[in-house]
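Thanks for coming. I have one structure to go through today, and I will keep it short.

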2 protein chains.
Amino acid sequence: MSEQAPTRVEKKERTRRAILDAALDLCEDSSLVALSLRQVAKEVGIVPTAFYRHFDSIEDLGLALVDESFVALRAMLRAIRRNDDTAPTFTAIVDRSVDTLEQHVHGHHGQFRFIARERTAGPPAVKARIRHEIELCERELATDIARLPGTDHWSAEDLQVLSSLIVTAMVGTAEAMADAGGRPDAEKRVSDAARTQLRMVLIGALNWRSGPADSTQE
Amino acid sequence: MSEQAPTRVEKKERTRRAILDAALDLCEDSSLVALSLRQVAKEVGIVPTAFYRHFDSIEDLGLALVDESFVALRAMLRAIRRNDDTAPTFTAIVDRSVDTLEQHVHGHHGQFRFIARERTAGPPAVKARIRHEIELCERELATDIARLPGTDHWSAEDLQVLSSLIVTAMVGTAEAMADAGGRPDAEKRVSDAARTQLRMVLIGALNWRSGPADSTQE
DNA sequence: AGAATGGGTGAACATGCGTTCACCGAAACT
DNA sequence: AGTTTCGGTGAACGCATGTTCACCCATTCT
């Protein structure tokens, strides 16, 4: 069926994929800003010039990688959100969320390491795009949290600050998980820690306006 | 007094400083892995070869920058710890800690951006050193927390996980603060958020073993 | 069947890179 | 005073980089 039919657009798309994969792999131990066109071309098996048929520059390639990574990440977030509907317990929400994160990072640690790296080290345009995407995640999380019971009286600022804290913690978790490099014991340790951290944060948040004074020691 | 006495070791030290400063400045918009010896030499005003009189390689330079940054950071942590002795309230501890962090990042944002960047993007040896230093910070924080009242019955794991969470949040805060680029309003917003986040985490931690079940909704 | 399209080629360029080496000259020793 | 030390010099090397250009030829369109 799929035999003998490598149409032109298919071949182009295949080469494009190969470039994206090679780039993700090659900048693994450095950064986009230290990645060279010729390196990528050699890895893919094309001549340097052919690269320009697909991307304007390395930075352009980087933006494509960011978009691709976040498409996958949004799919993960949708999965978590779907699970939430059927699991109204906070503990269950935390467990399922961390489980989903663990699975996803396990299957895409290249992409996660990429965004964790280029978020701080990439070319300005790439950094800006990643920052923007993460802010979108924070905002979405904020509206999710606002739908949970017991958060009605919260200010928008507190909601945003809490989302930011959770996202920061989860980015850190994803980073640590990707660094675990697929070793199941290491991944388990990271996800256990993440569960504890998320629970602590949620407990803190739920006792936030309702009675933070009780918890200070004076 | 200090006139007419540029002794040889002084001159060497001065050049070394100039190299370190130039490197910190030059890799600001990329990374150590994309920094070239010749760039640094040109910026400093010496010939490329002279670089080798001071460092074996760019990576060696990077390690020196890491050490320097963490010397400063440890000084800050000591300052925070000193303040804590005179301020036994949790709220006060949080306020003073964030204040100190704000001041320090304001005065050293170059160094903070450097470690935030190279932590994920630097050469392997640099990444490893930074990771190690951060782990030391987490451990020290854990012992500090263990000295606070109400944490006696905590497990070592939970302590470590809590420290890790706080350090992650503070690294994120430092990153955001350094990105604020010295604008006072932006810095204020970041430090306000950091205070809220720290309080939330502490409230969560204090209610952790004592009664986490009260806070779940089932 | 014939023309147009477009991904891939290969040579060529100017530039920048890390590293080597012999050398200089002033400060630091004896 | 004579010698050693050593930070800085400048030429030279072999190599990798981004980008240009004219060209090729199988697929696609007419």
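The surface near DNA strand C divides into six nonpolar, seven polar and five charged residues. This is a predicted model, so keep that in mind throughout. Which residues sit closest to DNA strand C? They are A:T49, B:T7, B:S36, B:L37 and B:R38, out of 18 residues that surround the strand. As for elements, two or more residues each come from helix 1 of chain A, residues 8–26, and from helix 2 of chain B, residues 37–44.

Next, chain A by itself. Chain A has eight helices and zero strands, and from the N terminus the order reads α-α-α-α-α-α-α-α. Its C-alpha trace spans about 70 × 40 × 30 Å along the principal axes. Of the 218 residues in chain A, 39% are buried. If we take the contacts in chain A between residues at least 6 apart in sequence, 63% of them join residues at least 24 apart.

Now the contact between the two protein chains. How many residues does each chain put in? Chain A gives 39 residues and chain B gives 39 residues. On the chain B side, the elements that supply two or more residues are helix 4 (90–107), helix 5 (109–121), helix 7 (156–179) and helix 8 (184–206). Helix 8 of chain B has the largest share of that side, with 10 residues. By type, the side of chain B that touches chain A comprises 19 nonpolar, 15 polar and five charged residues.

Two of those chain B elements, helix 5 and helix 7, also pack against each other, so a word on how that is described. For a pair of packed helices one quotes the angle between the axes and the distance between the axes. Here the axes of helix 5 of chain B and helix 7 of chain B come within 9 Å and cross at roughly 125 degrees. Why is the pair called oblique? Because the angle is over 115 but not over 145 degrees, helix 5 of chain B counts as oblique to helix 7 of chain B. The crossing of helix 5 of chain B past helix 7 of chain B is left-handed.

Which residues make this contact? From helix 5 of chain B they are B:H109, B:F112, B:R113 and B:A116. Helix 7 of chain B contributes B:V171, B:A174, B:E175 and B:A178. Sorted by type, the contact of helix 5 with helix 7 of chain B has five nonpolar residues, one polar and two charged.

That is what I had.

Methods. Residues are numbered from 1 along each chain as its sequence is written. Chains are lettered from A and ligands numbered from 1 in the order in which they are written. This is a predicted model: local features need pLDDT of at least 70, side-chain atom pairs count only at pLDDT 80 or more; totals for chains, interfaces and linings use all residues. Two residues are in contact if their C-beta atoms, placed from the backbone, lie within 7 Å. Helices (H or I, at least four residues) and strands (E, at least two) are DSSP runs, numbered from the N terminus. Ala, Val, Leu, Ile, Met, Phe, Trp, Tyr, Cys and Pro count as nonpolar, Asp, Glu, Lys and Arg as charged, and the others, Gly among them, as polar. A residue is buried if 20 or more other C-beta atoms lie within 10 Å of its own, exposed if 12 or fewer, and partly exposed in between; C-beta atoms are placed from the backbone. A residue is near a molecule or strand if its C-beta atom, placed from the backbone, lies within 6 Å of it. Axes are lines fitted to C-alpha atoms, for helices over the stretch in contact, and angles run from 0 to 180 degrees between N-to-C directions. Angles under 35 degrees count as roughly parallel, over 145 as roughly antiparallel, 65 to 115 as roughly perpendicular and the rest as oblique. A crossing is left-handed if the near helix is turned anticlockwise from the far one by less than a right angle, and right-handed if clockwise.
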